Each structure stands twice: as C-alpha cells, then as structure tokens.
Amino acid sequence: MSVTGLYASRRRSNTIAITLSVAATVIGLGWLVLILGVLFWEGFSGLSLAVFTEMTPPPGSAGGLLNPIMGSLMLTTLAVLLGTPIGILAGTYMAEYGRHARLTQVVRFINDILLSAPSIVIGLFVYEIMVYPMGHFSGYAGIVALALIVIPVVVRTTEDMLILVPTTLREAAFALGMPRYRIIMHISYRAARAGMLTGVLLAVARISGETAPLLFTALNNQFWNTNLNAPISSLPVVIFQFALSPYKDWQQLAWTGALITTIAVLALSIIARALAAPGKQT
Amino acid sequence: MPSTGREPVVDVALQGQGAFTGDTVARQRTLAKLKFSDRAFHNLTRGAAILVLVILGGVIVALVHGSWLAITTFGLDFLTTQSWNPVTEKFGAIAPIYGTLVTSLIAMLIAVPLGLLIALFLTELCPMSLRRPIGIAIELLAGIPSIIYGIWGLFILAPFLQVHVQPALIGAFGNVPILSTLFAGPPYGIGVLTAGLILAIMVLPFITSITRDVFEAVPPVLKEAAFGLGCTTWEVSRRVVLPYARVGVIGGVMLGLGRALGETMAVTFVIGNAHKISASIIAPGTTISASIANEFTEAVGDIYTSSLIALGLILFVITFIVLAIARYLLARVERKLGS
C-alpha cells in the first residue's frame with residue numbers, strides 16, 4: 001500500500017471510530033430522554049389530587065395511590081432506620097478498629113458482592129426466615145428485606161468516607177488521651193458526616209424503587225393498612241400489578257405511580273451527589 | 001497508684017469530662033469506664049461487620065434449606081430437564097437458565113461496545129465542560145428503578161419492536177439459513193430479544209462509568225508518547241488505552257453481567273414467561289428471576305415452591321461467581337493504582 005493510501009485508511013478508521021463513539025453517546029443520552037420523556041408524558045396526564053387522597057380502586061373505576069404511597073413511606077423509613085445503624089457500625093469497624101484486619105478484607109469482598117446481588121434472592125431469603133415461619137406475609141418481612149439491601153450500601157459509603165478522614169485528626173485526639181470510641185464519634189463521624197449522609201440517601205433511593213424483594217414479603221394490600229404485621233401495599237408492587245392488568249384505569253395509575261417513584265429516586269440521588277461533590281469527585 | 005506514664009494527658013481527658021482530677025479512686029474508675037466503653041464499642045462494630053458475613057451465610061443456608069425438597073426429588077435432572085409442569089409436579093430448570101444466559105448475552109453484546117465507545121468519547125473526545133454533565137446523565141440511567149424500565153419496555157418498546165423492527169428482521173433474514181431460525185415465529189413484541197435490549201440499557205451505565213474511570217487512570221504520558229509518534233485518536237485508544245485498562249474494563253463488564261443476570265422486574269414485564277427453549281430470539285421465554293417473580297406467590301404445593309427456591313439458589317450461585325470475579329479484577333486494578 002502506498003504511503004498516502006496508508007494515511008488515508010488510518011484517517012478513515014479514525015473518523016469511523018470517532019463517529020461511532022459520538023453516535024453511542026447520542027444513543028445513551030437519547031434513551032434517557034426517551035424513557036424520562038414518556039414517563040413524564042404518561043405520568044403527568046394522570047396526575048391529580050385524587051392520586052394522593054384516594055385508595056387504590058377496584059378494577060374499572062377511578063381512584064388514587066394513597067395506600068401504596070403511605071406503605072412505601074413506612075417500609076422505606078423503617079428499613080432505613082433498621083439498616084443504617086448496622087451499616088454504619090460495620091463500616092466503622094472496617095475503617096477504624098480493623099482497618100488492616102483480615103476480617104475487614106473478607107467483609108469488604110462479601111459486602112461488595114451483596115451490593116450487586118439479585119434483590120429477588122433477598123426476597124426469597126426473607127420469605128424463608130420470616131414469612132414461612134410466621135405463616136403470613138407482613139410489613140415486617142418487607143422491612144427486613146429492604147434493610148438487607150440498605151446495609152451493603154451504607155457499609156460501603158461509611159467505610160469509604162471514614163478512610164478519607166485524615167489520620168492526623170485522630171492522632172491529635174489520641175495525644176489528648178481520648179478513648180478510641182470518643183474519637184470515632186466526635187472526630188471521625190463529624191468529619192465524614194456529609195459523605196455518610198450521602199450513603200444513606202443513596203440507600204433510600206435504591207430501596208424506594210425496589211420491587212422484587214417486596215413481592216413475597218410485604219406482598220400487597222388493596223386497602224388502607226398501617227398494621228405492619230399484615231400484608232402492606234407499596235408503590236413499586238402496585239405499579240407491577242396495575243401495569244400488567246388489562247384495565248385502562250389501573251395502567252394509568254401505574255404510570256402515575258412510576259412517575260412519582262422516579263421523581264423521588266432521582267431527586268434523592270441528585271441531592272446525594274450534590275452533598276458528596278465538595279468532598280469527593282464522583 | 002499504678003503508673004501508666006500518661007497521667008497528665010489522662011487528666012486533660014478527665015477534665016474534659018468534668019471529672020475531679022485530684023481523686024485517685026474516681027480517676028481510676030473513670031479510666032476503667034472509658035476502657036470498658038471502648039471495648040464495648042469495638043465489639044459492637046466488629047459484631048456488625050461479622051453480621052454482613054452472617055447475612056451472606058444465612059442467604060445460602062436458607063436457599064439450600066428451601067430447595068432441599070426439589071434437590072432430593074429431582075437430583076441433577078433438575079439442571080437438565082425442560083419440563084415445568086405444576087400439575088404433574090415435574091420441574092426442570094434448563095429453560096429459565098437458558099433464558100437468563102441468552103438475555104444477558106444479548107445485553108452484553110449491545111452494552112459492551114456502546115459502553116466502551118461512550119467511555120472513549122467521555123475521556124478522549126468530549127469537551128471538558130461537557131464531561132461531567134454527560135457522565136452524570138448516563139449514570140442517571142442507573143438510578144432509574146428497574147420497574148420503570150419494565151413498564152416502559154412493556155408499553156413503549158415492545159409495541160414498537162412488534163410493529164416496526166421484528167417484521168423487518170423476519171423479512172430480511174427469513175431466507176437466510178441460521179438467521180431465519182434466530183428470527184422465526186410471529187412478532188409478539190415481548191420476548192427474549194426485547195428483554196435483552198432492556199437489560200442492555202440498564203447495564204450500560206455500570207459498564208460506562210467503570211470503563212471511563214479506568215480509561216481516565218491511564219497515565220497521560222503513555223498517550224502523549226503515542227500521539228507524539230503520530231498515532232490517531234483511535235490508534236491511541238485501541239493500542240494504548242484499552243490494553244492498559246484491560247483488567248478494569250473486564251471487571252466493569254463482569255459487574256454489568258452480574259446485574260443483567262439477576263435483574264428481575266424489567267425482564268418480568270417483557271419476557272413473556274414461557275417455560276420452553278426456542279431457537280428464535282423473538283419468541284417468548286423466561287429467566288430465573290422472572291419465573292420466581294411471576295410464580296412464587298401463586299405456587300401451590302411444597303415441591304413447586306421448593307423448585308422455585310432452587311432456581312433462586314442457582315441464580316445466586318451464578319451471580320456470586322460472576323460478581324466475585326468482577327470484584328477480584330477491580331480490586332487488582334485499585335491496588336495497581338494505589339501503589
């Protein structure tokens with residue numbers, strides 16, 4: 001091949017590669033726009049006050065999403081309250097007491113796997129340990145299932161954030177004779193506060209949209225219920241049930257529920273990002 | 001009074017707590033209390049860390065326990081038979097396993113090249129001011145709950161594929177050997193291909209963001225040297241960046257694969273839930289997670305439930321292996337960057 005021919009072909013493959021990578025980015029962004037666009041279009045057309053004030057309707061009539069919204073809020077809040085302390089404590093051990101311990105390495109590896117493990121398996125696990133022995137589906141089981149998803153997220157961010165706290169801060173406190181647990185609580189936690197909060201918010205965002213672990217733990221409930229010892233309704237499960245139904249009203253409510261969930265989740269992750277931004281470049 | 005050699009410092013700490021420093025007994029008591037609290041907190045945190053391991057152990061034990069009936073009834077046949085019949089109580093896992101693997105394969109075939117190209121764009125071509133916003137936008141795709149992908153796939157993507165894409169595919173490949181079986185059958189819209197497409201969109205952000213991070217970690221001097229020799233952007237990416245970042249890229253791909261294998265809700269909406277293996281990728285099928293999600297609450301009889309839990313166990317084992325490999329590779333990259 002002549003020299004000019006070689007140049008031309010190299011330049012050509014370069015142009016092709018650049019074009020393809022621009023096209024790939026456009027496709028990626030386009031998909032995001034497409035999904036959000038449809039979601040907003042379909043969701044908003046069903047959005048009304050009734051959505052927030054009325055119960056889920058029987059097939060073929062109008063209604064709202066009050067009970068699943070309430071159920072989701074309860075399940076999410078309690079799951080975070082249950083999972084966060086455990087996650088923070090475990091992350092504290094890994095970054096403070098046992099930073100170089102063998103246990104920490106093992107836990108980190110396992111935790112990272114749990115972080116991306118299929119959530120439906122968590123649902124099966126909780127079914128086995130709670131629903132089956134208790135003999136009925138319950139809100140408690142749903143809370144435990146969601147908490148099991150919260151824990152790895154919080155463990156990961158807590159450890160990451162505590163490791164970023166400068167050792168000199170701890171050494172200064174040590175030199176004053178402060179006991180370790182007080183250093184952790186008053187120095188490390190305070191320095192890593194924003195980052196740890198980010199982790200909790202990410203965990204909330206993650207479980208607000210989780211459906212699979214709730215399907216056979218909290219199940220669903222067509223009526224108003226705040227009794228956690230009984231099946232309880234949640235937004236994702238209602239979306240699942242209503243979207244797959246043949247009824248137009250239900251499908252519309254599914255879209256509206258999907259819109260509410262997505263707005264909540266995206267808002268949470270954007271707030272979390274903004275919080276994390278000054279400390280770490282994520 | 002036993003000397004610890006640190007009395008003055010201890011006094012400062014004690015004063016900080018409002019303790020009376022002159023009283024030796026009170027001082028000893030306070031010290032002992034502090035020591036006790038510290039040990040308690042230490043053990044508490046260690047207990048929480050161990051709890052993470054207990055959770056994993058518990059998941060495995062519970063799944064094995066739950067699937068024991070199916071394991072003892074069907075034995076290894078469970079892994080090789082296709083029949084899934086609640087009436088005759090004959091269950092085999094090969095169809096859902098096949099569906100899981102094929103949908104994930106389709107997803108990876110689409111998402112890996114797309115993800116690599118987007119990462120390339122973000123690290124080598126994109127203007128600085130746009131890198132962060134575009135990166136965040138792609139990562140937002142990861143934030144959207146999977147149920148949203150499901151409802152979108154069912155109401156928007158599946159009808160679109162049914163009307164516009166699948167007839168074209170059937171028409172174009174109808175007379176080509178091999179491809180004609182791949183695209184055989186009526187265009188349902190829902191099916192294996194649709195599920196694979198949805199999965200591709202869902203794992204794209206995971207692959208993109210990890211690939212971008214490892215691309216960014218390539219030392220600029222290596223790229224500059226190649227550019228200095230007169231290499232084009234593509235040649236630098238292909239011959240310098242990609243080989244250097246290979247381990248991290250594979251780690252990111254495996255992480256995406258782990259997600260794709262275990263993804264439940266989005267797939268459940270569009271897979272069609274048919275317990276059979278068909279050669280055509282536009283035919284309905286099922287995956288492990290979709291079978292569990294669809295059938296678990298309606299499963300009647302111990303053996304049916306147990307078979308579904310056995311499916312969960314298989315899924316957990318597969319994803320565990322894939323994710324373990326991914327984490328191992330990514331940890332290797334991190335160590336390399338750290339040193």
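**Exercise 1. Which residues does A:Thr84 touch, not counting residues up to four places away in sequence?**

Solution. Start with the contacts: A:Thr84 touches A:Val150, A:Val154 and A:Val200, where contact means heavy atoms within 4.5 Å. Next, place the residue: A:Thr84 sits in helix 3 (residues 66–97) of chain A. Helices here are DSSP runs (H or I, at least four residues), and strands are runs of E of at least two, numbered from the N terminus. Then look at its polar side: a polar atom of the A:Thr84 side chain lies 2.6 Å from the backbone oxygen of A:Val80. Finally, A:Thr84 is buried, at a relative accessible area of 12%. Buried means under 20% relative accessible area, exposed over 50%, and partly exposed in between (1.4 Å probe, protein chains only).

A word on the model before going on: it is predicted, so local features need pLDDT of at least 70 and side-chain atom pairs pLDDT 80 or more, while totals for chains, interfaces and linings use all residues. Residues are numbered from 1 along each chain as its sequence is written, chains are lettered from A and ligands numbered from 1 in the order in which they are written, and side-chain values use heavy atoms, leaving out hydrogens and water.

**Exercise 2. Which residues touch the most other members of the largest nonpolar core?**

Solution. First, the term: a nonpolar core is a set of buried Ala, Val, Leu, Ile, Met, Phe, Trp, Tyr and Cys residues joined through side-chain atoms within 4.5 Å. The largest one has 172 residues, and A:Ile35 and B:Tyr149 touch the most other members. Helix 6 (residues 139–164) of chain A gives the most to this core, with 14 residues. Now follow B:Tyr149 outward: leaving aside neighbours within four places in sequence, its contacts include A:Ile35, B:Leu141, B:Ile198 and B:Met202. Another core lies apart from this one, with 11 residues, among them B:Leu114, B:Ile134, B:Ile138 and B:Leu204.

**Exercise 3. Where does helix 5 of chain B bend?**

Solution. Begin with the span. The expected span of a helix is 1.5 Å times one less than its number of residues. A straight helix of 28 residues would span 40 Å, but helix 5 (residues 146–173) of chain B spans only 32 Å between its end C-alpha atoms. Now find the bend: it comes at B:Gln162 and is about 50 degrees. That bend is the angle between axes fitted to the seven residues ending there and the seven starting there.

**Exercise 4. Which aromatic pair crosses between chains, and from which loop to which loop?**

Solution. Set the rule first: rings of Phe, Tyr and Trp (its six-membered ring) pair if their centres lie within 6.5 Å, with planes under 30 degrees apart counted as stacked, over 60 as edge-to-face and the rest as tilted. Over all chains, the count comes to 17 aromatic pairs. A:Phe216 and B:Phe296 form a tilted pair, 4.6 Å centre to centre with 50 degrees between the planes. The pair runs from A:Phe216, in the loop between helix 10 (212–215) and helix 11 (235–243) of chain A, to B:Phe296, in the loop between helix 11 (288–295) and helix 12 (302–338) of chain B. A:Phe216 is buried at 0% relative accessibility, and B:Phe296 is buried at 4%. To widen the view, A:Tyr127, A:Tyr132, A:Phe137, A:Phe216 and B:Phe296 form one aromatic cluster.

**Exercise 5. Is B:Ile178 buried or exposed?**

Solution. Locate it: B:Ile178 lies in the loop between helix 5 and helix 6 (179–182) of chain B. At 67% relative accessibility, B:Ile178 counts as exposed. Check the backbone too: B:Ile178 has a positive phi of about 65 degrees although it is not a glycine. For background, most residues other than glycine have a negative phi. B:Asn273 also has a positive phi, near 50 degrees, and is partly exposed at 28%.

**Exercise 6. Which residues are in contact with B:Arg327, leaving aside its neighbours within four places in sequence?**

Solution. Place it first: B:Arg327 is in helix 12 of chain B. Then list the partners: A:Phe109, A:Asp112, A:Ile113, A:Leu115, A:Ser116, A:Arg156 and B:Leu255. B:Arg327 is buried, with a relative accessible area of 13%. Last, its C-alpha atom is separated by 9.8 Å from that of B:Gly248, 79 residues apart along the chain.

Key
Polar contact = N/O pair within 3.5 Å; in protein donor to acceptor, adjacent residues only side chain to side chain.
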